[in-house]
Amino acid sequence: MSKAGAAFSLPSRSTQLDSTMRYKLLGSTITPPPIALVSNIDEHGVLDAAPFSYFNVFGEDPAVVGISILSRSSDDPKDTGHNVRRSGEFVINLVDESTLDAMKITAIGFSRDVDEFKAAKISSAPSTKIAVPRIAESRVSLECKLLQVIEFGAMRSLAIGEVLAMHIADDAVLDAERGHVDLPKLGIVGRAGAHSYVRTSDVIKLAVPSAERVHGELTGLINSNAPFGRAEKRQPPPRRL
Ligand SMILES: Cc1cc2nc3c(=O)[nH]c(=O)nc-3n(C[C@H](O)[C@H](O)[C@H](O)COP(=O)(O)O)c2cc1C
């Protein structure tokens, strides 16, 4: 057994890990997740923002995203947890290189009466479908309506939202009609463990080949160096094996 894998390789052992160790191992291996800088608002109109890297997209029709919130205590679901449940609205502003410094400040556990837009020196821009404003400096923002909150145990909750509107920085839109976006230009940043982050400028392009092409290569009908496209379409369909 390898030294690195020994301690965590057995399921029966992994269930014995305490929650801090599970948090560390999950966060440093299921990586890099994108980071949602969530803007939300309290009942007095105080603006709040906070980063959430337990975040992803789960559907497109309807467009569905989710953030997972770890409560501070059984009666403090963080400002975001409180405000999202109360107002049923939030904006996910994706963290990019230009909002990293602001993100760091909004991760501080300020009391609820602190305007975190002011604290982090970010400005608000009106949303089009909801009352909660987005972060003007963000390159991508998703206006969300809360669909459901799923509780996991006493401290974790998953807030699932439907995306009602999306804003993408103009200079990163390559072709609006076809929905093509220049990812490196967006400068999106992902989380890579506790205090580490990764850029998305190093893009690998990899098209999934057709079944015909793979079959053709296996049977020698297609030269594996041939470009994708018309050549593979000319091949007969694979014989059922
Ligand atoms: C990069 C990063 C990612 C984070 N991801 C999460 C997360 O997924 N869930 C969570 O509960 N807290 C997460 N946090 C911590 C919250 O941002 C922090 O508790 C914040 O103060 C909550 O603010 P609020 O009370 O204004 O909602 C993260 C912090 C950082 C720096």
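Reader: How do the residues of the shell around the ligand divide into nonpolar, polar and charged?
Author: In this predicted model, the shell around the ligand holds nine nonpolar residues, together with four polar and four charged ones.

Reader: And which residues come nearest to the ligand?
Author: There are 17 residues around the ligand, and those that come nearest are A50, Y54, L70, D79 and T80.

Reader: Which elements each supply at least two residues of that shell, and where does the largest share come from?
Author: Strands β2 and β4 and helix α4 each supply at least two residues, while the largest share, four residues, comes from β2.

Reader: Let me pick A50, then; where does it lie, and is A50 buried or exposed?
Author: A50 lies in strand β2, and it counts as buried because 23 other C-beta atoms lie within 10 Å, where 20 or more are enough for that label.

Reader: What does A50 touch, leaving aside residues up to four places away in sequence?
Author: With those set aside, A50 touches V38, K78, D79, T80, T106 and A107. As for a partner further along the chain, A102 is 52 residues apart from A50 in sequence, yet the two are 9.5 Å apart in space, taken from C-alpha to C-alpha.

Reader: K78, D79 and T80 sound like part of a helix; which residues of α4 are buried?
Author: Helix α4 covers residues 78-87, and its buried residues are K78, D79, T80, G81, N83 and V84.

Reader: What do the buried residues of α4 pack against?
Author: They pack against six strands that are spread along the sequence, namely β1 (36-41), β2 (47-52), β4 (63-70), β5 (89-94), β8 (140-152) and β9 (156-168). Just after α4, G88 takes a positive phi of about 70°.

Reader: Changing topic to the whole chain, how many helices and strands are there, and what share of the residues is buried?
Author: The protein chain has nine helices and 13 strands, and buried residues make up 27% of its 241 residues. Among contacts between residues at least 6 apart in sequence, 55% join residues at least 24 apart.

Reader: What is the mean pLDDT of the chain, and where is the pLDDT below 50?
Author: The mean pLDDT is 89, and 86% of the residues reach 70 or more. Over residues 230-234, however, the pLDDT is below 50, although this stretch has seven contacts in the model beyond near neighbours in sequence. Where pLDDT is low, the predicted coordinates should not be read in detail.

Key: Residues numbered from 1 in each chain as written. Predicted model: local features only at pLDDT ≥ 70, side-chain atom pairs only at ≥ 80, totals over all residues. Buried ≥ 20, exposed ≤ 12 C-beta atoms within 10 Å, placed from the backbone. Contact = placed C-beta atoms within 7 Å. pLDDT = per-residue confidence, 0-100. Near = placed C-beta within 6 Å. Nonpolar A, V, L, I, M, F, W, Y, C, P; charged D, E, K, R; others polar.
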